[in-house]
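Here are some exercises to work through with the model open in your viewer. Try each task before you read its solution.

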Amino acid sequence: MTGKRRSPEKWDLETDVVVVGSGFAGLVAAAIARGRGARVIVLEADDEIGGIMRISSGEYWVPNNACMREAGIEDPKADCLKLMARLSYPTHYDPTSPTLGLTPHVYKLFETYYDTAAVATDELDRIGAMGSVFSDGVTPDADFNPQGHIEYHSELPENKIEYGRALMAKTGGIHGPGQGQATIDLLVAHAERVGIDIRVRHSVEDAYRNADGAVCGVLATTASGAVNVQAHKGVIFASGGFFHDEQMRTQLLRSTVWGVTAPHTNTGAFLRIAQSIGAMTENTDSLWWGEMGIEEVLDSHRSDSMAFWLYGDSMVLVNRRGFRVVNEKAHYNERGRIHTVYDATTKQYENNVLIQVYDEAVANNPEMGVKYPVPYPGQSTEHVISGNTLEELAAAIDERLAKLATRTGGVRLAPDFADHLAATIARFNTFAENGHDDDFGRGEAPGERGYSVLGLTRGVNRTMYPFAGSGPYYAVLIGAAGFDTNGGPSINEKAQVIDRDHDPIPGLYGAGNAIGSPAHGAYWSGGATLGNALVWGYHAGVHAAAEPTREA
C-alpha cells in the first residue's frame, strides 16, 4: 500500500523538509530550502550520492542568465516562450494567442521557467552552493566559443539566440565527462558546510499523510529495517524516473526502449506513491530520448554511454528494408523518437531496430570524441557486424538478427535489403558530393554542424562524405534509449504536485525526472534536462521551506 493516511506511532527522524533523491534536482532543492532556514534531510536509495548527474556532462539551460546580461546578449521573454511552446506543443502552438496556444497552466509553467531559471543560479551562487559560468562550446566552424554551445534549434525563427543559455557550474572543469560529478561534489560540500543531512541506502517506499491530508513524512527501507522520517513542512521527491521497473517500462513506454543512463534505483517509487494519493500524471509514455547499441544493453538495460550525435560522415542509419528514415545528425532527443513510429500496414514498429552502416574510414579513424557506439581502435567490437561487400554485410546483419529474434519481436531484414541499401548509399553519395541532403537536410542546421566537429569532417558538408566504393563495411544495431523517463506526477508553478482538479496536494513537491516534465518531452536545447531539474528543484526548495509547520 502507498500513500498511507495514518502517521506511525513513532518517528525515527524528524526535520522540516525531506528531499528524496540526491541528484541535481534534489541537491538544489536541499540547498535552497536550507538557505531559507529549513532543516533538511536528503534520502538516497543508491549507495552513492548524485543520481544520474554523476555521469552527466553538467550543462543546464538558463534563459536570460547573468552571464548573458553581462556579455550584452539580450534574450527577450516573448521570443524565448515562443521557442519553448513551438518545441513542446507543435500541434497547439499559435504565436498570435496570448498563451501561444497553450493551456493557462502550461503557459504559467513556461513563464515561471523563464522568469526564475536565472534567479535560481543567482541564489545558489549567493548562498555559496554553486556558481555558474558559460559552458565551453564550439561554433559550426569548429572554433572555440566562450559563450557556450550553440543552441540545438538555432535554425528556428522563434529562436533569437544562438549562444549563451548553456551554463555549467564553476568547477574549473569543462563541459563533458566528469563535469556532472564535479557539480555534485560542489553541492555535497555545501551541504556538509550548512548542515544538510544526506543519507544513502535509504529507499523511500511510501509517504505519510496527517489527518488533514497533508504529506507529513516518508517511510524508507534500509539494510537495518524501516525508518520513519517526519517532515514538518514538506516532502520533495527528486528520485528519478521509472525506467528500471520492468512492468512500468513495458506498459507505459511506446515500442521498445532498450536502455538508459539512469541508475538502477530509478524504479518509479514516486509515481506509485503520488498516484495513490490522487495526483494527476502526464507524459508517462516519454523519456529524454537518445539511442544505444542494442546488444550492449540487452540484459542490463543501462549504459554510461549514449549515441548523442551519430558518429561519422560516411555513415547512414537505415531500417530493416534498407532505407534511411531520419536525419542522422539531428540531435539525440529528436532522433531517438523515430523508433516509436508505427506502421499501419505491417502492424509493427518498423524502426524498433535500426542499423548504423559506415565504411572503413569511419571505423578506423583514431580521433577522439563522442564516437559511441562505433568503437575506438582497441575497444571491443563484438557488437560490430562487418562484410567485405554490402551483400556480405546484409547477410551478416540478418544472421545477427536471427540470433536476437526472441528479444526483438522477430525483427529480420527484408529480402531486398541489400539492393535497397546499395541504392540508399548511392543516393547518399550524390548528396554528399553536392553538399546537400535532399531527403533529410542533414547538416543544414547550425547545431548539427556545430556538434559534428569531432571525428571525420571531410567534404563540402562537414556531416556527409561519400562511402568508399569498396569494403569492408560495418554495421551496429541501434535502438531507442535515453537518459531517463520524464513522465510522472504533474506539478504547478511552485513545484507542488497537483491532483486531478489541479489543486495542490499539501506538503508534496516534485522535481527532476520524477515528475511529468513541463517541457512535455521537448528538448529545448543542450542542458534542458538539468535546466528543468534546476528550476523545479529551486521552486520546491523555496516553497517547501515556506510551508507552515505541521503536526503529524
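## Exercise 1: the cavities

Trp 288, Asn 486, Gly 512, Asn 513, Ile 515, Ser 517, Pro 518, Thr 529, Asn 532, Ala 533 and Trp 536 line the largest cavity. Keep in mind that this is a predicted model.

**Task.** Which element gives the most to the lining of the largest cavity, and what is the make-up of that lining by class? Then find which residues line the second largest cavity.

**Solution.**

1. Start with the count: there are two cavities of 30 Å³ or more.
2. The largest cavity holds about 60 Å³ of space.
3. Helix H13 (residues 528-545) is the top contributor to its lining, with four residues.
4. Sort the lining of the largest cavity by class and you get five nonpolar, six polar and no charged residues.
5. Now move to the second largest cavity, with about 50 Å³ of space. Its lining is made of Ser 239, Gly 240, Gly 241, Phe 242, Gly 268, Ala 269, Phe 270, Leu 271, Gly 487, Asn 513 and Ala 514.
6. Sorting the lining of the second largest cavity by class gives five nonpolar, six polar and no charged residues.
7. Check Asn 513 in both lists: it lines the largest cavity, and it lines the second largest cavity too.

## Exercise 2: aromatic pairs

**Task.** How many aromatic pairs are there? Take Trp 61 with Trp 524, and work out whether the pair is stacked, edge-to-face or tilted. Do likewise for Trp 309 with Tyr 332.

**Solution.**

1. The count comes to 20 aromatic pairs.
2. For Trp 61 and Trp 524, the ring centres are 5.6 Å apart and the planes meet at 45°, so this pair is tilted. The cut-offs behind that call: under 30 degrees is stacked, over 60 is edge-to-face, and the rest is tilted.
3. Next, place the two partners. Trp 61 belongs to strand S3 (residues 59-61), while Trp 524 is in the loop between strand S21 (504-510) and H13, so the pair ties together parts that are 463 residues apart in sequence.
4. How about burial? Trp 61 has 0% relative accessibility and counts as buried. Trp 524, at 1% relative accessibility, counts as buried as well.
5. On to Trp 309 and Tyr 332: with centres 5.7 Å apart and planes at 80°, the pair is edge-to-face.
6. Trp 309 sits in the loop between strand S14 (287-293) and strand S15 (315-318), and Tyr 332 in helix H8 (residues 332-336), so this pair ties together parts that are 23 residues apart in sequence.
7. Both Trp 309 and Tyr 332 are buried.
8. Zoom out a bit, and Trp 309 and Tyr 332 turn up in one aromatic cluster with Tyr 152, Trp 288, Phe 308, Phe 483 and Tyr 523. Trp 288 should ring a bell, since it also lines the largest cavity.

While you're looking at rings, find Phe 243: the charged end of Arg 249 sits over its ring, 4.8 Å from the centre.

## Exercise 3: strands S16 and S18

**Task.** How many residues of S16 are buried, and which residues lie on each of its sides? Then trace which strands pair with S18, beginning with S16.

**Solution.**

1. In strand S16 (residues 354-359), six of the six residues are buried, so the strand is largely enclosed by the rest of the structure.
2. To split the faces, recall that side chains in a regular strand alternate between the two faces of the sheet.
3. One side of S16 has Leu 354, Gln 356 and Tyr 358, the other has Ile 355, Val 357 and Asp 359, and all are buried.
4. S16 pairs with S15 in the antiparallel sense over four bridges, and Val 316 has Val 357 as its bridge partner in S16.
5. S16 also runs antiparallel to strand S18 (residues 473-485), joined by six bridges. Along S18, Tyr 358 stands opposite Tyr 474, and Leu 354 stands opposite Ile 478.
6. Ile 478 in S18 is also the bridge partner of Gly 293; S14 and S18 run antiparallel and are joined by six bridges.
7. Strand S12 (residues 259-260) runs parallel to S18, with two bridges, and Val 260 stands opposite Gly 482.
8. Strand S17 (residues 385-387) pairs with S18 in the antiparallel sense over three bridges, with Gly 387 opposite Tyr 473.
9. Finish with burial: 13 of the 13 residues of S18 are buried, and the strand is mostly covered.

How values were computed:
Residues numbered from 1 in each chain as written. Predicted model: local features only at pLDDT ≥ 70, side-chain atom pairs only at ≥ 80, totals over all residues. Heavy atoms only, no water. 1 Å grid on protein atoms, 1.4 Å probe; cavity = no way out; pocket = protein on both sides within 12 Å on 5 of 7 lines; lining within 4 Å. Points joined across faces, edges and corners; volume = space filled by probe spheres on them. Nonpolar A, V, L, I, M, F, W, Y, C, P; charged D, E, K, R; others polar. Phe/Tyr/Trp six-rings, centres within 6.5 Å; stacked < 30°, edge-to-face > 60°. Buried < 20%, exposed > 50% of the residue type's maximum accessible area, 1.4 Å probe, protein only. Lys NZ or Arg CZ within 6 Å of the ring centre and 35° of its normal. Pairing = 2+ DSSP bridges.
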